[in-house]
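Here are my notes after a first read-through, in the order I'd raise them at the bench. Have a look at the structure, then see whether you agree.

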Amino acid sequence: MISNEGSPNISVASRVIFLVMLVSYAAPGVVWADDIYTASDPLPREKISLPTERIPLPGVLGEIEKQSDGTFSYATPPQDSEAIPPVSVTVRNRAPSDLERQTPVKFSPAGRTVAATKMADTSPGAEATAGVNASVNGYISDRESGETLLAANVALLEINRGASTNNSGYYTITNIPPGTYTLVATYIGYQRYEQEITLEEGENRRINIALAPKSLQLDELVVRSQAEEEEQKDIGRAHISTQLIKELPAVLTPDVFRSVQLLPGVKAASDFSSGLYIRGGSPDQTLILLDETTVYNPSHFFGLFSTFNPDAVKDVQLYKGGYPAKYGGRIGSVLTIYNKDGNRNETGGTASIGMLASRASIEGPYKYGSYMLAVRRSTIEPVLRLVEDAPETFYFYDINGKLNFDISENDRLSLAFYSGTDVISWPIFEDAVIDLNYGNQTVSAQWRKIISDKLFSTVTATGSRYFNEPQFQFAGTSFESENNVRDGSLKADLEYIPNEHHTVSVGFWGGAMTLRLQELFDKEYAFDRELYSRYASAYLQEQWKPSDRWMATGGLRINAFSKGSYLRLAPRLSVEHRPAENIRIQAAYGRYNQFLALMTNEAFSGFDTWMTTAEDVPPSYGDQFSLGLKTIPFSSYGFDVEFYYRTMRDLFELDPFVGDNAGLDYAEQFRFGKGYAYGMEVFLEKQVGRLSGFVGYTFGITRRKFPGFNVNLPDEPRRGRFYPPKYDRTHDMNIVANYRLSQRWSVSAVFNYSTGQAYTDPQGRTQFSNLPWGSSNRDAFVIGSMNSSRLPPYHRMDLSFSRSGRFFSLGDAEWQFQLINLYNRSNIWFYNYDFDENPVEREDVSMLPTLPAISYTVHF
Amino acid sequence: MLNTLFSDHVKILRPAGVGKIGGLLIVTSLAVFLLITSCEDYAQDRYEEYVVLEAYVTVNRPLPEVRLSKTLRTGQQYSFGDAALEGANVEVLLLEEGGDGEEVFDYRPSDEKGVYMAEDPTHRVLPRRTYRIAIDFDNRPEVLRAETTTPDAIEIINEMPDTVIYQSPEQMELVISALEQTQKQSIFVFNTVASEPEEEDLTPFYKTLVEEEDDTEAEDFYNTETTPINEGNFDVNDDGTITVQFPWIGVAFFGDNRVLANSIDDNLSDLISSQEVQLGGSTLSPGEIPNLRYDVEGGIGIFGSFASDTVQTYFKRPEEK
């Protein structure tokens, strides 16, 4: 490198040819050049000396020609009026960035050439002065499998314009001045794609891009696009890769929800619960969508892990809060999961044998598109037979399938389904048996249509069913329950991108749902209620980018629910400012409504029951405020900080003191309360390289208040005070690391440390000894403040070793060896109190001890 | 922004103002955050001793004994004798419809510490009437007050078979007389009292419990009861009577048993239901322990009422001839 004061001793590449597309300064936004030269060698490192005085641009280019032996060719000669101040120029297989800063010319490497382009005037209204502009659009997919990639980034370098793919993997860049550009696409874990394109006036070019996955390289060259990182860092939004889900050590089987629980702002209630407690909200405050279809009870094995088979999953995105107007129906968060479309290039599959469950999947192309089928079934039954008092029958299974029809270049149709069931039969004593059967089924059909280069639509029909049917037989007396949710809906979304400054989205979601709850005691109906409701919502959203530094997204959602005749408006607003290239400041506000509530118990999800609003049971609502700072401090690192505050009002949940709801009015079953939560999340990540992973820290506070609960005895029996729910954890930190030891071996570790959960430490006791029935006295605790004590801090480390190899000549294979709770930390779940002892004794009920696990997976 | 796509490395941001803005934002946010957080004080209440009242008013029976005690700290050994309270002035009032006292019944201490007896043993508790209890102490500042409205008198009006074969298709039926409501709906508790609770006479389910559970003995089940059951669970006959299929789970012993149908007031229902919630099993998370629901002013406990009727039958083993 030299500076303008430097020596004339200049090393010059012998055979360098530059492509220069020089743009007329008189017509901003229009590319005039059309000459292309191809270099025979890669662009070498250059040292170029420029005159010390301010000289016109033609002079600079001439000097470069002279020193480099290269030649510039112009469609229109550069103008003398553009003087270049003294500048240092370094060309190291990339643009002479110093020169860029001094001129409105942008230099871009494109293969073995370098393009120089006059920067387009991107100010609002500028396009009005231009001619008829072009557009480019298409799908971005995995080159090997053909799977569309969601939230991948695409850009035209020369005019600083970009976009990211939507939930269908589709992108569009409109309002492009005619000319030649370098089209670049990037996605984490994939090689950067680059293509030179020339667009004619008014041309609408379809370019479907296939990205090649990065091969495993120990000394992988880390080339990280900032745009790529930024697009995935919208406020409150997080992305979990399926590869990470499979690599992480997991209790018995890889799990989507367990992986999501590692993100800052997301907490787990216990080792036994896969429920998502996000930013102080309970699990029912998160909308869970599988291929756009609501899933009502996404759990297997008593709630230990989620129903989503990682073999079938393509993409997992979590909106922790402040989510956009496109979504609604929950006052907390949205988790979107998309199943794979299936390999469009070749038939392949996976078979995996694990200790809890085994999995198999197959995917491939067919005449009109692709298909995918993934099944998973428990294989723990032989182990259970060795355990005393284990269930007599226990199994679960799930099946995911998808079929894609590529009707035309502009139309794609997909059919997806999911079915999962847990079955348990457990004779716990003589003449006492528990039978439980619960599960989910979903089906969806989606039609994605590219209406024009500026307009994209999706229409989705969904069906979802959740059921649980527990039966208890004790001493000839039966207790039976049947809980069903049936939900059918139609949703349509339109995305309109008139130009680079505006993206307008509009959509509708309407449907009908039936919730049925029947309870039979001793074969007589004790409770039989069917709740039918129609629902509809519509939204309008506008994303406005007045400049590269500012972006605002405003939206309004209207929700209607027929049960109780409720109509609610939900405004949303987010603003983003980029004071510099690698800093984003974001703020968001939104109001959210919820018409459903889940009756559940943290310890067991098999009896989960959904209830709706009704007359005298108003919908819950809440406001969310969040503020975020997203930075890229170093190459391939991300560092984010987010603050949030949210309110929860008109929370309705089953009154725990209503032991028997027979004969009660619907509203009498509930208690109505409110709550709030606030916190700070810090996230440091490194997503690529030999060592990857993240550190997430959350400071969080959440509180609830219900009348007559947590009262100050005996003066205020019905008032209630705010209290922290059990899952409130002030400090929560997760460290996730993956290190590739060699081509074959890798190790993953997860460490979690968090404040002990809230619990109620009884202060006093009494006894009711004179009840007219019963054989023994009734003991009772006297409580002070609810949940004002803390269990010991929780910490646990899990480790996983993976060894990849071949399974004969049939395909790649992987062994996975795992140790859960490496150092056998006895984390307390809760305390049990034994009144048979006097004084009463407290016993620890612990969570998972050290658990080894092994699995073997073959990819064919 | 997109020109960084060229870069092999993303540079640390250098422009002077940017670092300041980011730093200022973080510092300001943290300061506000810490300020809010410092206000979030949620500490445990100090232990407070409460007076505990226990009295069950039974329709058509004499006024009940009243037991008064205090709460003890959780870690203390509990016995009613240690907790019992002396020096109380107890009176029960029978109220008119308007709420004024129609009749006052004074109480006196009994021989057992903490137990107070009505001075008038002749008064029979009336159905569908409201009784109020008022308590103060010579040696304590607490003043307690509670009311209960007694349920209608209950009667099992059908003929009981002398013998019922356990778990036979012919389930035992109880037909309960039509009740005049004193609350939104009647709430029942059914209990079974074995006349001779011997372990060899346990029904299979309870026998397994005794055999397999530590600290469980046959006598724990000599008087078994259901949880409170709402009238809404049963079909009300045209004449207002209620037919109840007596559940087999209520039978813990073969042999002679008394079967009781109890109609309870809301106070009792609140106490029993909430006590079961405190033991766990509701929608509350494990370790989240609420107080019981007490309908007592100035203290805790129960001043509840119920009406009951009893029938007797013999539960025969299925294989018994």
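How far apart do the C-alpha centres of domain 1 of chain B and domain 2 of chain B lie?

1. They lie 30 Å apart. Bear in mind that this is a predicted model. The domain assignment of chain B gives domain 1 as 3-152 + 263-308, and domain 2 as 163-262 + 309-316. Where the two touch, domain 1 of chain B puts in 14 residues and domain 2 of chain B puts in 15 residues.

2. Now the domain 1 side of that contact. In chain B, β15 (255-264), α4 (266-278) and β16 (300-316) each supply at least two residues of the side of domain 1 that touches domain 2. The largest share of that side is the five residues from α4(B). By type, the residues on this side of domain 1 of chain B split into four nonpolar, five polar and five charged.

3. That makes α4(B) worth a closer look. With 13 residues at 1.5 Å a residue, α4(B) should span 18 Å, and its end C-alpha atoms are indeed 18 Å apart, so the two agree. Just after α4(B) comes G280(B), which has a positive phi, near 110°.

4. Why call α4(B) largely enclosed by the rest of the structure? Because ten of its 13 residues are buried. The buried residues of α4(B) include N267(B), L268(B), D270(B), I272(B) and V277(B). The cover over them is shared between chains: it includes β48 (778-782) of chain A, together with β8 (143-149), β11 (187-194), β15 and β16 of chain B.

5. One of those covering strands, β8(B), has two faces. L144(B), A146(B) and T148(B) make up the covered face of β8(B), while V143(B), R145(B), E147(B) and T149(B) make up the uncovered one. Strand β7 (residues 130-137) of chain B runs antiparallel to β8(B), joined to it by seven bridges. A hairpin of five residues links β7(B) to β8(B). For a fixed point in the pairing, take I133(B), whose bridge partner in β8(B) is A146(B); A146(B) belongs to the covered face.

6. Over in chain A, I'd flag D341(A), which sits in the loop between β23 (333-339) and β24 (348-353) of chain A. Is D341(A) buried or exposed? D341(A) counts as buried, because it has 25 C-beta neighbours inside 10 Å, against a cut-off of 20. Beyond its neighbours within four places in sequence, D341(A) is in contact with E147(A), T148(A), S370(A), M372(A), K402(A), N404(A) and S414(A). T286(A) is another matter: T286(A) is 55 residues from D341(A) along the chain, and their C-alpha atoms are separated by 25 Å.

7. Some overall figures for chain B. Chain B has four helices and 16 strands, and 38% of its 321 residues count as buried. Of the contacts in chain B with a separation of 6 or more, 71% are between residues 24 or more positions apart.

8. Last, confidence. The model scores ipTM 0.89 and pTM 0.83. Chain B has a mean pLDDT of 88, with 90% of its residues at 70 or more. Among its elements, strand β2 (residues 66-70) of chain B has the highest mean pLDDT, 98, and helix α1 (residues 16-38) of chain B has the lowest, 64. I'd also mark residues 1-18 of chain B, where pLDDT stays under 50, although the model has 44 contacts for them beyond four places in sequence. Where pLDDT is low, the predicted coordinates should not be read in detail.

Notes: Residues numbered from 1 in each chain as written. Chains lettered and ligands numbered in written order. Predicted model: local features only at pLDDT ≥ 70, side-chain atom pairs only at ≥ 80, totals over all residues. Buried ≥ 20, exposed ≤ 12 C-beta atoms within 10 Å, placed from the backbone. Contact = placed C-beta atoms within 7 Å. pLDDT = per-residue confidence, 0-100. Domains from an automatic or database assignment. Nonpolar A, V, L, I, M, F, W, Y, C, P; charged D, E, K, R; others polar. Expected span 1.5 Å × (residues − 1). Pairing = 2+ DSSP bridges.
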